[in-house]
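Q: How should I read a helix and a ligand site in a model like the one below?

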Amino acid sequence: MNIVIVGHVDHGKSTVIGRLLADTHSLPEGKLEQIRAQCELNSKPFEYAFLLDALKDEQAQGITIDAARVFFKSQLRHYLILDAPGHIEFLKNMITGAARAEAALLVIDAQEGVQENSRRHGYMVSLLGITQLAVVVNKMDLVGWDRGVFDRIVTEYGAFLDQVGIKPSCFIPVSARGGDNIADRSAQLPWYQGPTVLDALDAFRSEPAPVELPFRMPVQDVYKFTKQGDDRRIVAGTIDSGAVSVGDSVIFYPSGKKSRVKTIEAFNRPVQRRAEAGWSVGLTLQEQIYIPRGEMATLESQPRPQVTTRLRVSLFWLGKAPMVTKKEYLLKLGTARVTVRLEEVLRVMDASTLDATDQRKVIKRHDVAECVLKLDRAIACDLAEHVAATSRFVIVDDFEIRGGGIVREALSDRQASVRDRVLLRNYKWEPSSVQPEHRAEKYNQKAALILVTGEHEADRKGVAKALEGKLFEDGKVVYFLGIGNVLYGVDADIERKQENRLEHMRRLAEVANLMLDAGIILVVAAAELTQDDLEVIKTAVEPEWIETVWAGDSITTDLVCDLQLPGGAVPEAVDRLKAHLQDKGIIFRPW
Ligand code: GDP
């Protein structure tokens with residue numbers, strides 16, 4: 001059973017762990033004596049916490065670790081204790097699934113009493129969906145084993161936990177240093193009849209792997225067999241919930257692409273017919289489809305996940321700098337990584353006082369907020385109440401985790417109607433017998449949609465056509481598409497009105513999608529595209545295959561573009577564009 005131990009620094013977490021190890025005789029032979037002897041040698045007093053440090057050091061020699069993992073066993077079962085040194089590590093481990101705790105021990109120093117962190121940690125435990133918690137009131141020796149002190153903490157902290165919706169299984173008065181009520185009952189605390197820490201651990205329910213829930217497997221990687229002519233790929237990942245069997249119809253989200261499971265390869269196990277939550281597996285598929293890392297495998301027969309670009313979430317903020325609107329962050333959920341912005345703060349709560357306000361525009365350090373996040377492109381996730389694992393996310397800024405939380409609600413976005421159609425299209429899609437990478441190899445290029453946009457006066461068409469000419473000369477499979485070519489043909493049945501813009505964009509994107517599937521570099525010229533237009537196009541075309549280019553000195557819409565070409569001579573603009581495509585690996589740079 002996996003247990004996480006939390007609490008304010010110096011309240012005695014490491015001592016509790018050290019004691020549990022020693023008193024259950026789970027330490028390596030001679031370890032205790034060795035540490036004692038070392039302490040004596042350095043004439044410093046022995047601490048049980050040193051045991052943990054020593055074990056950590058040994059682990060750290062092998063691999064880098066975020067949290068120490070310590071094993072011990074009671075007469076009932078084996079335990080893995082995660083000692084998370086700080087908030088960030090705790091969040092990171094819980095959310096990324098590096099380690100998932102089924103229960104928590106929260107340590108409070110009897111003398112110091114309930115601290116801010118005691119409350120924050122309690123709140124985090126609740127937010128992460130850990131329902132089993134025992135509160136350890138430590139250092140009872142320092143308060144003369146006084147029942148009054150203990151009772152006051154029970155009342156105060158019990159009321160707090162009640163507010164965040166956790167019912168602790170027990171409060172236990174202990175002295176970790178002396179080993180009182182850790183594994184053995186203490187004679188110092190005759191007024192206490194409840195369980196020892198070890199009893200409390202043994203009384204936790206072991207949570208079964210969530211096999212009953214819908215099948216969810218974030219795609220970690222897609223490997224190709226390298227042998228000549230072998231087109232099989234292995235879709236690898238760890239199953240977060242549910243189970244999958246050979247022959248099952250699987251749908252990947254957010255793309256909505258469908259296939260059937262041909263084989264299940266499990267790591268270090270014989271080939272399996274079925275795999276379930278907790279396993280790391282590789283699936284090979286009946287029909288070969290293109291799916292990148294970050295998609296989520298699900299079963300067609302089960303409830304589908306949420307797919308959207310807007311999420312209402314409960315979020316913890318730990319960054320020194322507050323979380324603000326307008327700034328870009330990175331959201332990691334499952335294996336998906338996507339640029340995210342804070343769209344709106346609905347409510348902010350101080351995690352330790354639980355004082356709420358709805359008047360704030362930013363989320364400060366240690367706040368818990370309910371807010372709306374706007375993602376750069378759609379992802380697949382679940383709501384916390386349905387499938388906890390695939391509802392958890394972290395927010396990264398500057399390569400560091402700054403916060404984390406859970407998805408409460410998938411909000412609709414402007415592209416929702418387009419997305420529904422695209423999901424159906426992908427579901428019904430009949431894959432070509434030629435693999436996209438074979439086309440790419442033959443044509444010596446990657447399929448791409450180059451959107452050349454800009455002000456009305458700018459020579460977008462000139463640039464786009466010149467690029468087409470240049471690439472064609474180079475032997476590329478390239479095609480210029482003016483927006484008019486679509487407007488009066490594919491769009492002949494709809495009026496050119498603002499309210500039809502979404503549909504115009506959808507059709508343009510569908511045309512582009514076909515051409516990209518054919519392996520073509522498609523150059524589209526269109527006046528003043530907005531970010532909204534791009535969002536719609538991204539819904540129907542693989543976002544990674546799109547390059548946006550703005551021709552002109554000033555960008556007059558809210559479009560975020562990949563390349564800006566200031567007004568000027570067309571040949572220079574084309575050279576820069578070509579270099580950009582080379583940088584992006586769309587065409588080959590021969591040096
Ligand atoms: P952590 O930061 O929560 O891991 O705390 P430690 O386990 O390192 O303990 C912090 C300090 O409190 C150490 O000096 C311990 O010896 C001391 N300590 C831990 N438990 C007890 C206890 O039951 N009684 C007393 N008097 N001191 C304790």
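A: Start with a helix, and keep in mind that this is a predicted model. In helix α14, the buried residues are A573, V574, L577, K578, H580, L581 and Q582.

Q: Why would residues three or four places apart in a helix point the same way?

A: An α-helix has 3.6 residues a turn, so positions three or four apart share a direction. Among the buried residues of α14 are A573, L577 and L581.

Q: What do the buried residues of α14 pack against?

A: Their partners are two strands named β25 (546–551) and β26 (563–565), together with β22 (448–454) and α10 (460–473).

Q: How does the end-to-end span of α14 check against its residue count?

A: Helix α14 covers residues 570–583, and because each residue should add 1.5 Å, its 14 residues should span 20 Å; the end C-alpha atoms are 20 Å apart, in agreement. After the helix comes G585, with a positive phi near 75 degrees.

Q: Turning to the ligand, which residues come nearest?

A: The ligand has 17 residues around it, of which D10, K13, S14, T15 and E47 come nearest. Helix α1 (residues 13–23) supplies the largest share of this shell, 3 residues. By class, the shell holds 4 nonpolar, 7 polar and 6 charged residues.

Q: Which distances describe the polar side-chain atoms of N138, S175 and R177 relative to ligand oxygen atoms?

A: For N138 the distance is 3.1 Å, for S175 it is 3.0 Å, and for R177 it is 2.9 Å. The ligand taken alone exposes 580 Å², and the protein buries 86% of that.

Key
Residues are numbered from 1 along each chain as its sequence is written. This is a predicted model: local features need pLDDT of at least 70, side-chain atom pairs count only at pLDDT 80 or more; totals for chains, interfaces and linings use all residues. Side-chain values use heavy atoms; hydrogens and water are left out. A residue is near a molecule or strand if one of its heavy atoms lies within 4 Å of it. A polar contact is a pair of N or O atoms within 3.5 Å; within protein, one must be able to donate a hydrogen and the other to accept it, and residues adjacent in sequence count only if both atoms are side-chain atoms. Accessible areas come from the Shrake-Rupley method with a 1.4 Å probe; for residues, only the protein chains shown count as cover. Helices (H or I, at least four residues) and strands (E, at least two) are DSSP runs, numbered from the N terminus. Ala, Val, Leu, Ile, Met, Phe, Trp, Tyr, Cys and Pro count as nonpolar, Asp, Glu, Lys and Arg as charged, and the others, Gly among them, as polar. The expected span of a helix is 1.5 Å times one less than its number of residues. Buried means under 20% relative accessible area, exposed over 50%, partly exposed in between (1.4 Å probe, protein chains only). Contact means heavy atoms within 4.5 Å.
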